[in-house]
Amino acid sequence: MALPDESENSPTSPRDQSQLQYDKIGSSYSQVKQLPTSQVEIFNLHAAIAPCLASRNGTARVLDLACGTGHYSRNLVSSWGAASVVGVDISPAMVKSAKDITSTKLGSQCQSLSESESLGHKIQFMVGDAISMGKLDDRGFDLAVGAWLLNYSRTEDELVKMFGTICSNLSTEDGIFAGIAPPPVPKDHLAAAAEYVNKVVCPKTSQPPWRFSVRYIEPLNNDDGGWKIEFMMFGDEGKETVKFVTYHLPMEAYERAARKGGMYGQLVWRDVTRTVAVDGDDEDAKLWDRYFEDIGGHFRGLVVGKGAANL
């Protein structure tokens, strides 16, 4: 039997598969932001971008890449101080959900129709692929956000293209990219880290108290040394509610790609600040300790400045 063609232009290419899996998930993805660990993610991303937003004094224009159902786009204009946001996602279904949810949420949160309309005009959602979309307009953006963007790159070359898009859309040298990404693990240690997560942190035999599971499925069939990952979210009764595939590349790939893509400013992997209170028995508490202390959670913040081209 012939294997499916995974070239970039094939209907079954990894980029098309990424779009299709989220077209199927649609608005259900908003449940992910209700997870206990998502509260940690939200807190840490806000901490990473707060200085940039504050320095713009309410004038920051923000590009939200891989915006999903628009959670961060809404937070950015409603409570984090951005002047405007353009949210971009590869999935048309996600973009439709982002528009629908934003209209509903702003309508319920605002004191008046005029306030809701004012905030609504600050957010625009569009379909696009961060690998290939290029520069959106001549104005550019002060800040680019990518919460779970970089983990959809299967290769370092795709990462370079993503950072190229980010760089071309930042309007000034002091613009920054702030993302949520897989933990920075050196290439030589990634296989051991995958084994540890599968056997100790998220074993198949139990459901962790953080209500999701990360499984390292297999090494990617290329020279970059990454892994294919499956993410599963569980509801209150332990039933699987959301599942999707993503990727974890070595730390060196993210760092090299940022420079190759034109981001020459300071690059910082931010440690995760714990914000979750532990509920449950002592065994749950030990698992939460392991989640934060042994692996530092399933993500890190990555902040990269655009910088000057001659650096």
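1. Let me start in the middle of the sheet: the bridge partner of Ala144 in S5 is Phe177. Keep in mind that we're looking at a predicted model. Ala144 also has a partner on the S1 side, where it bridges to Leu63.

2. Those two bridges belong to longer pairings. S4 and strand S5 (residues 176-181) run parallel and are joined by five bridges. With strand S1 (residues 61-65), S4 pairs in the parallel sense too, over three bridges. The route from S4 to S5 goes through helix H6 (residues 156-169), and the three make a right-handed β-α-β unit.

3. How many of the five residues of strand S4 are buried? The count is five of five for residues 143-147, so the strand is largely enclosed by the rest of the structure. Side chains in a regular strand alternate between the two faces of the sheet. Here Leu143, Val145 and Ala147 point one way, while Ala144 and Gly146 point the other way, and all are buried.

4. Zooming out, the sheet is open and has seven strands, ordered S3-S2-S1-S4-S5-S10-S9, with mixed pairing. Strand S3 (123-127) and strand S9 (267-270) stand at the edges; each has a single partner strand, so one side of each is left without a neighbour in the sheet. From one strand to the next, the twist averages 15°.

5. On the S2 side, five bridges link S1 with strand S2 (residues 84-89), again in the parallel sense. One pair to look at is Arg61, which stands opposite Ser84 in S2. Helix H3 (residues 71-78) lies across S1, S2, S3 and S4, and its direction is at about 175° to S2.

6. Now the S9 end of the sheet. Helix H8 (residues 251-260) lies across S9 and strand S10 (300-305), at about 145° to S9. Its buried residues are Ala253, Tyr254, Ala257 and Ala258. Viewed down the axis of H8, they fall within an arc of 130°, so they line one face of the helix. Just after H8 comes Gly262, with a positive phi of about 105°.

7. Helix H7 (residues 190-201) can be read the same way: Leu190, Ala194, Val197, Asn198 and Val201 are buried. Down the axis of H7 these residues fall within an arc of 125°, so they line one face of the helix. Note that Asn198 is in that buried set.

8. Two backbone spots deserve a look on the graphics. Asn57 isn't a glycine, yet has a positive phi of about 50°. Asn57 sits in the loop between helix H2 (36-55) and S1. Is Asn57 buried or exposed? Its relative accessibility is 68%, so Asn57 counts as exposed. The other spot is Ala66, also a residue other than glycine, with a positive phi near 55°. Ala66 lies in the loop between S1 and H3, and is partly exposed at a relative accessible area of 25%.

9. Finally, the whole-chain numbers. The protein chain has nine helices and 10 strands. Of its 311 residues, 53% are buried. Among contacts with a separation of 6 or more, 70% involve residues 24 or more positions apart. The accessible surface comes to about 14,400 Å², and 49% of that belongs to carbon and sulfur atoms.

How values were computed. Residues are numbered from 1 along each chain as its sequence is written. This is a predicted model: local features need pLDDT of at least 70, side-chain atom pairs count only at pLDDT 80 or more; totals for chains, interfaces and linings use all residues. Side-chain values use heavy atoms; hydrogens and water are left out. Buried means under 20% relative accessible area, exposed over 50%, partly exposed in between (1.4 Å probe, protein chains only). Helices (H or I, at least four residues) and strands (E, at least two) are DSSP runs, numbered from the N terminus. Two strands pair if DSSP finds at least two bridges between them. A crossover is right-handed if, with the strands pointing away from the viewer, the path from the first strand over the helix to the second runs clockwise. Axes are lines fitted to C-alpha atoms, for helices over the stretch in contact, and angles run from 0 to 180 degrees between N-to-C directions. Contact means heavy atoms within 4.5 Å. The arc is that of the directions from the helix axis to the C-beta atoms. Accessible areas come from the Shrake-Rupley method with a 1.4 Å probe; for residues, only the protein chains shown count as cover.
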